[in-house]
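Good morning, colleagues. Please bring up the sequence and the coordinates, and I shall walk through the chain with you.

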Amino acid sequence: MLEKEDMYKKYGVDESAPSALVFYAFLLVGSYSGGDLEVLEEAYAKGKRLEESAAADIKADFINHTIYYYFAHAQFDKALEALEQANEIVRGFELSA
C-alpha cells in the first residue's frame, strides 16, 4: 500500500485545473467516510484556498461537501451555514436563467 505522501506525489492534483476543487470536494467525503481526519483536514484547507477563484457551480458543490468537515468537528451550526451558502449560490443560478 502507498504511503499518503507517495499517493499525493503520484496522483498530484493540478490546482490550476478548473476541476481541482471537485477533487477536494470528493476527498472530503471519502476521508470522512474512511475516518481519515488527517486527509480531511488537508482536503478542507486546500479546497478553501481554491474556493474563491472557482466557478460558482463548483464552489457550491465544494461548500456542500464541507458539511462533512463540519460534522467531523461537531460544528453543526457551521454545517447549516454552509448549506445555506451553497443554496444562495444555486438560487443565483435560477434567477439568472
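Which residue just after α4 takes a positive phi? It is A74, with a phi of about 50°. Please bear in mind throughout that this is a predicted model.

Let me stay with A74 for a moment. Most residues other than glycine have a negative phi. A74 is not a glycine, and yet its phi is positive. This residue sits in the loop between α4 and α5. Is A74 buried or exposed? With a relative accessible area of 51%, A74 is exposed, because the cut-off for that class is over 50%. There is a second positive phi to mention: G35, which follows α2, has a value near 75°.

I now turn to the chain as a whole. Its secondary structure consists of five helices and zero strands, so that reading along the sequence gives the pattern α-α-α-α-α. The chain has 97 residues, of which 29% count as buried. The exposed surface amounts to about 6200 Å², and carbon and sulfur atoms supply 57% of that area. Taking the contacts between residues at least 6 apart in sequence, 54% join residues at least 24 apart.

Next, helix α2, which covers residues 20–34. Its 15 residues reach 21 Å from the first C-alpha to the last, close to the 21 Å expected at 1.5 Å a residue. Which residues of α2 are buried? They are A20, L21, Y24, A25, L27, L28 and S31. Viewed down the axis of α2, these buried residues fall within an arc of 160°, and therefore they line one face of the helix. The face turned away from that buried side carries the exposed residues F26, S33 and G34.

Before α2 there is a loop that leads in from α1 (4–10), and V13 is found in it. V13 is partly exposed, its relative accessible area being 26%. Leaving aside neighbours within four places in sequence, V13 is in contact with A20, F23 and Y24. For the pair V13 and Y24, the separation is 11 residues in sequence and 9.3 Å in space, C-alpha to C-alpha.

Helix α3 comprises residues 37–51. It also has 15 residues, and the distance from its first C-alpha to its last is 20 Å, close to the 21 Å expected at 1.5 Å a residue. V39, L40, A43, Y44, G47, L50 and E51 are the buried residues of α3. Why do they line one face of the helix? Seen down the axis of α3, they fall within an arc of 135°, so they share one face. On the face of α3 turned away from its buried side we find the exposed residues E38 and R49.

How does α3 pack with helix α4, residues 56–72? The angle is about 145°, and the axes lie 10 Å apart. The crossing of the two helices is left-handed. From α3, the contact is made by L37, L40, E41, A43, Y44, G47, K48 and E51. From α4, the contributing residues are K59, F62, I63, T66, Y69, Y70 and A72.

That brings us to α4 itself. At 1.5 Å a residue, its 17 residues should span 24 Å; the end C-alpha atoms are 25 Å apart, which agrees. The buried residues of this helix are I58, K59, A60, F62, I63, H65, T66, I67, Y69 and Y70. What covers the buried residues of α4? The cover includes α2, α3 and α5 (76–96).

As one example from α4, consider I58. Its relative accessible area is 17%, and it counts as buried because the cut-off is under 20%. Apart from neighbours within four places in sequence, I58 is in contact with P18, L21 and V22. I58 and A20 are 38 residues apart in sequence, and their C-alpha atoms are 9.4 Å apart in space.

To close, I return to two points. The buried residues of α4 are covered by elements that include α2, α3 and α5, and just after α4 comes A74 with its positive phi. Thank you for your attention.

Note on methods
Residues numbered from 1 in each chain as written. Predicted model: local features only at pLDDT ≥ 70, side-chain atom pairs only at ≥ 80, totals over all residues. Heavy atoms only, no water. Helix = DSSP H or I, 4+ residues; strand = E, 2+ residues; numbered from the N terminus. Buried < 20%, exposed > 50% of the residue type's maximum accessible area, 1.4 Å probe, protein only. Contact = heavy atoms within 4.5 Å. Areas by Shrake-Rupley, 256 points an atom, 1.4 Å probe, with all protein chains shown as cover. Expected span 1.5 Å × (residues − 1). Arc of directions from axis to C-beta. Axes fitted to C-alpha atoms, helices over the stretch in contact; angles between N-to-C directions. Left-handed = near helix turned anticlockwise from the far one by under 90°.
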